[in-house]
Amino acid sequence: MPDEVPRPADEPVNSGDGERRIGEAIARAKAERRPAIAAFLTAGFPTRERFASLLSAAAAEADLVEVGVPFSDPMADGLTIQRSSRVALENGTTLPWILETIGEATRAGAGAGSDTPPGPTRRSPVLLMSYLNPILAHGFGAFASDGAGAGIAGLIVPDLPLEESHRLRAVLAGSGIALVQLVTPATPPGRLERVCEASRGFVYAVTMKGTTGARVDAAAAAEYLARVRRVSPVPVLAGFGVRSATDVAGLAGFADGVIVGSALVEAIERGVDPGMFVRELRGEEMAS
Amino acid sequence: MTEIPEGGRAAAGTLEDLLAGRMPDERGRFGAYGGRFVPETLMPALELLERGASEALADPAFQAELGAQLADWIGRPTPLTRAVRLSERWDADVWLKREDLAHTGAHKINNAIGQALIARRMGARRVIAETGAGQHGVASAAACARLGLPCTVYMGEVDAARQRPNVQRMELLGARVVEVGSGDRTLRAAIDEALRDWVSDPESTYYLLGSAVGPHPYPWLVRQLQTVIGREARAGLLLASGDLPDAVVACVGGGSNAIGIFHAFLGDPEVDLVGIEAGGSGAGPGEHAATASRGTPGVLHGSHSLLLQDRFGQVRDTHSVSAGLDYPGVGPEHSFLAAVGRVRYTSVGDDEAVEALEECAAAEGIIPALESAHALAGGRRLARATPGSTILVGLSGRGDKDLGILDDLRRTGRTTSDAG
């Protein structure tokens, strides 16, 4: 188990500071006058071996990395992530393997194992996105200690609304893993405040109704994101439907960052390097 | 505050709490089970549904309209038939609660018409539903036709192939049938897809869930609409025989007909309640759908309940000759009833169920659905264990839809999930 692995003395993997590391990553982007980019990868996809190097490549360019734990019944996900999740499960991807793989990458500075030279963002915090059941099966307590040991900074659980989240939140609080809550355009005002106040690290603002993988309308999202920002004590990251540099630029003024998922998974399916894809999203490189 | 246990089969509550109407609690829990584990997008819709359904069920005008539909359109009360020849063969006193004689041929219509009335009352512009064997899809399509609501039904490709007549019926009733090719291509994938549809448009879409599963308030709502089965059966049996049965047997997939027939008897400690799950082709992973008897706690489709899963929390594939029982989860109230020991859950395999279907057809002139045949097989086992006992069997639906499967079985001499 990761707890038994000695941690490098020069870089404590986690000292109860997931929220701080996430906050710093978002603040760095802000200082550069750009939205933070969180890159989503499905763990174990397209193969377990490739995933490890994709993780390093994504961590070298993105401000945050979100690793999706594949689940057999991904009810909040569209076709792309359903497909990548199925392949990942067929590849034998499990939560213990994911934690181990992330732990190795974190300890190696997230740059080793690929050709990407270590850069200024090489310690991009890694968050897990997992449906509740794999976490339940692992056990909340074990997940908190194994996750902290692997250097996980945060956790997003799409099927754990605020009302059901107290116990996991309490267990994670002791381990420094930030439990990120989601809000949507349908979340009523009073509830929006409660969810934002409970969210740690940032609040995940789902830009639209529906599953992942559709296309965001930045103009329509603007009013909603402004509403979330007004009440949220934590940074606001917009997700669902962010597919291109145009989308990122369109959301830039309204959110502290964006989360790109399905479009990145599709790029990986086409063989595109995730680091290059993130640079394209930032407008630094023209789309190929 | 009730919290999710991690492993172990916790009850966290007593049967008395349930009988006193304190379950589900305000968070939708039956002890440790139930709750509301859904994407944030659905939370406002579920809260709205909880309010809308509670108000409707408490409104005498709504109850009057529901009662009229149950009587004049569905044909309730359904008969209680004494199975004379099965009684002789099994050396028992066997009674059948005839939900096969309800309009559209199964108990599913009780819930479908009730929820469709709620959907209309709440101003829904369209209704969506999932279906396994097709019975809930047909019931939903019929109820929506009756009330003039557009209806879309999600059905797994495997189920659509093995229950073709029901696809034709749904289409004739004006529903759009969407065959689901993702996931395991059965009931579970159909629920996943219906939830995705609902997430896309929770304000104007009503999700007419067909079993006593899913996030709160569905397990409660479906139960409330199905308890008419047990109320009628209990009163009917008291009238006909002057006594309560020794046992009540019902099949359990998600568990709506079972919760419907059991509820009236929960407070009769002398009545043995037995839920029969699909034993499929064997006891190995993927060979059966015996969730309440062999599952472990987990979260699927919005509620915390017993679940067939691997040690990493991935939901297992299931198998049953009966599409309606072929599901890796079970309603949270059943998980609770199993935990407190009020209901015993056991399983009957494909072959034994098919045999019971054939026996009932030949002895009683009734062709039960393959789902209901599991309950009959369970009743026969009980009779053998305790000769002379009075056994009430929930005959949840008719078997016309299964003729294709039976034909294939006869031709190939085997039972497989891909039959048809």
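In this predicted model, helix H17 of chain B is followed by B:Gly413, a residue whose phi is positive, near 70°. The helix that ends before this glycine spans residues 403–412, and its buried residues are B:Ile405, B:Leu406, B:Asp408 and B:Leu409. Because these residues cover an arc of only 160° around the axis, they lie on the same side of H17(B). That buried side packs against three helices of chain B, namely H7 (157–162), H15 (350–364) and H16 (370–385), whereas the face turned away from it carries the exposed residues B:Arg410 and B:Arg411.

From this helix the reader can turn to the place where the two chains meet. There, 38 residues of chain A are in contact with 41 residues of chain B, and the area buried between the chains is about 3300 Å², with carbon and sulfur atoms giving 54% of it. Of the area that chain A buries against chain B, 21% is supplied by A:Asp73, A:Met75 and A:Glu164, which is more than any other three residues supply.

One of these residues, A:Glu164, also forms a salt bridge with B:Arg27, in which the closest N and O atoms are 3.3 Å apart. Across the interface as a whole, five salt bridges are found, along with 15 residue pairs in polar contact. On the side of chain A that touches chain B, at least two residues each come from helices H3 (79–90), H5 (132–138), H6 (140–149) and H7 (166–173) and from strand S6 (182–183) of chain A, and the largest share, five residues, belongs to H5(A). By class, this side of chain A has 19 nonpolar, eleven polar and eight charged residues.

Conventions: Residues are numbered from 1 along each chain as its sequence is written. Chains are lettered from A and ligands numbered from 1 in the order in which they are written. This is a predicted model: local features need pLDDT of at least 70, side-chain atom pairs count only at pLDDT 80 or more; totals for chains, interfaces and linings use all residues. Side-chain values use heavy atoms; hydrogens and water are left out. Contact means heavy atoms within 4.5 Å. Buried area is the accessible area (1.4 Å probe) that two parts lose on being put together, summed over both. A salt bridge is a side-chain nitrogen of Lys or Arg within 4 Å of a carboxyl oxygen of Asp or Glu. A polar contact is a pair of N or O atoms within 3.5 Å; within protein, one must be able to donate a hydrogen and the other to accept it, and residues adjacent in sequence count only if both atoms are side-chain atoms. Helices (H or I, at least four residues) and strands (E, at least two) are DSSP runs, numbered from the N terminus. Ala, Val, Leu, Ile, Met, Phe, Trp, Tyr, Cys and Pro count as nonpolar, Asp, Glu, Lys and Arg as charged, and the others, Gly among them, as polar. Buried means under 20% relative accessible area, exposed over 50%, partly exposed in between (1.4 Å probe, protein chains only). The arc is that of the directions from the helix axis to the C-beta atoms.
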